[in-house]
Amino acid sequence: MKKSTITVLLIEPLKAPRAVEIPAELSAYQNAVGGTVEAIYPFEDAAALICCDEGKLLGMPLNRPLFDEDGRLYDVIAGTFFIAGLSEDDFASLPPELIEKYTAMFGSILIL
């Protein structure tokens with residue numbers, strides 16, 4: 001049975017990350033990021049970063065940087081994004097240990 005809500009880590013520009021529950025449906029994901037969604041998978045964990053696919057084109061504020069395994073900056077996410085867990089076929093609640101891990105990872109607020 002599919003869950004009606006999932007717990008995600010919401011990361012808004014100039015704000016500390018926070019765990020929130022959102023409906024497990026596309027319209028809620030779009031509402032959270034302010035546009036059409038893009039899922040990227042920059043982590044080794046079973047987790048996805050969901051952002052607005054046109055965040056930079058729409059002029060959304062820069063939010064947080066992404067670094068490669070060597071610590072080099074390779075992208076900056078624009079606009080609000082969230083991190084969700086992954087199930088076999090969909091997004092799922094992010095487990096508490098990953099909420100803690102990504103809260104620490106994205107805890108610094110980027111100001112450019």
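This is a guided tour of a predicted model, moving from its pockets to a strand pair, then to its cysteines and its aromatic rings.

**The largest pocket**

Begin by selecting Pro42, Phe43, Leu66, Phe67 and Met105, which are the closest to the centre of the largest pocket among the 18 residues that line it. The volume of this pocket is about 370 Å³. If you then colour strand S5 (62-67) and helix H2 (96-105), you will see two elements that each supply at least two residues of the lining, and of the contributing elements S5 gives the most, with four residues. Coloured by residue class, the lining of this pocket shows eleven nonpolar, one polar and six charged residues.

**The second largest pocket**

Next, select Glu38, Cys51, Cys52, Lys56 and Asp75, which lie closest to the centre of the second largest pocket, a site lined by 14 residues. Its volume is about 170 Å³. Three strands, S3 (37-40), S4 (47-52) and S6 (73-78), each bring at least two residues to this lining, and the largest share, four residues, comes from S6. By class, the lining of the second largest pocket consists of eight nonpolar, one polar and five charged residues.

**The strands S5 and S6**

Now show the backbone of S5 and S6, where five bridges join the two strands in an antiparallel arrangement. Select Leu66 and Asp75 together, since Asp75 in S6 is the bridge partner of Leu66; these are also residues you have met already, Leu66 among those closest to the centre of the largest pocket and Asp75 among those closest to the centre of the second largest pocket. Follow the chain into the hairpin of S5 and S6, which has five residues between the strands, and stop at Gly71, where phi is positive, near 80 degrees.

**The cysteines**

Return to Cys51 and Cys52, and display their sulfur atoms. Why is Cys51 not bonded to another cysteine? The closest cysteine sulfur, in Cys52, is 7.3 Å from that of Cys51, which is too far for a bond. Likewise, Cys52 takes part in no disulfide, with the sulfur of Cys51 as its nearest cysteine sulfur, and a search of the whole structure finds zero disulfides. Cys51 counts as buried because its relative accessibility is 5%, and Cys52 is buried too, with a relative accessible area of 5%.

**The aromatic rings**

For the last stop, select Tyr29, Phe82 and Phe91, and turn the view until the ring planes can be judged; the whole structure contains five aromatic pairs. Tyr29 and Phe82 form a tilted pair, with 5.7 Å from centre to centre and 50 degrees between the planes. This pair links distant parts of the chain, as Tyr29 belongs to helix H1 (residues 26-33) and Phe82 to strand S7 (residues 81-86), 53 residues apart. Tyr29 counts as buried at 4% relative accessibility, and Phe82 does so at 0%. How are the rings of Tyr29 and Phe91 arranged? Their centres are 5.5 Å apart and their planes are at 75 degrees, so this pair is edge-to-face. It also links distant parts of the chain, with Tyr29 in helix H1 and Phe91 in strand S8 (residues 91-92), 62 residues apart, and Phe91, like Tyr29, is buried.

To finish, select Phe43, Phe81, Tyr102 and Phe106, which form one aromatic cluster. Phe43 brings you back to the start of the tour, as one of the residues closest to the centre of the largest pocket.

Conventions. Residues are numbered from 1 along each chain as its sequence is written. This is a predicted model: local features need pLDDT of at least 70, side-chain atom pairs count only at pLDDT 80 or more; totals for chains, interfaces and linings use all residues. Side-chain values use heavy atoms; hydrogens and water are left out. On a 1 Å grid over the protein atoms alone, a cavity is a set of points where a 1.4 Å probe fits but cannot get out, and a pocket is an open set with protein on both sides within 12 Å along at least five of seven lines; lining residues have an atom within 4 Å of a point. Grid points are joined across faces, edges and corners, and a volume is the space filled by probe spheres set on the points. Ala, Val, Leu, Ile, Met, Phe, Trp, Tyr, Cys and Pro count as nonpolar, Asp, Glu, Lys and Arg as charged, and the others, Gly among them, as polar. Rings of Phe, Tyr and Trp (its six-membered ring) pair if their centres lie within 6.5 Å; planes under 30 degrees apart count as stacked, over 60 as edge-to-face and the rest as tilted. Buried means under 20% relative accessible area, exposed over 50%, partly exposed in between (1.4 Å probe, protein chains only). Two strands pair if DSSP finds at least two bridges between them. A disulfide is a pair of cysteine sulfur atoms within 2.5 Å.
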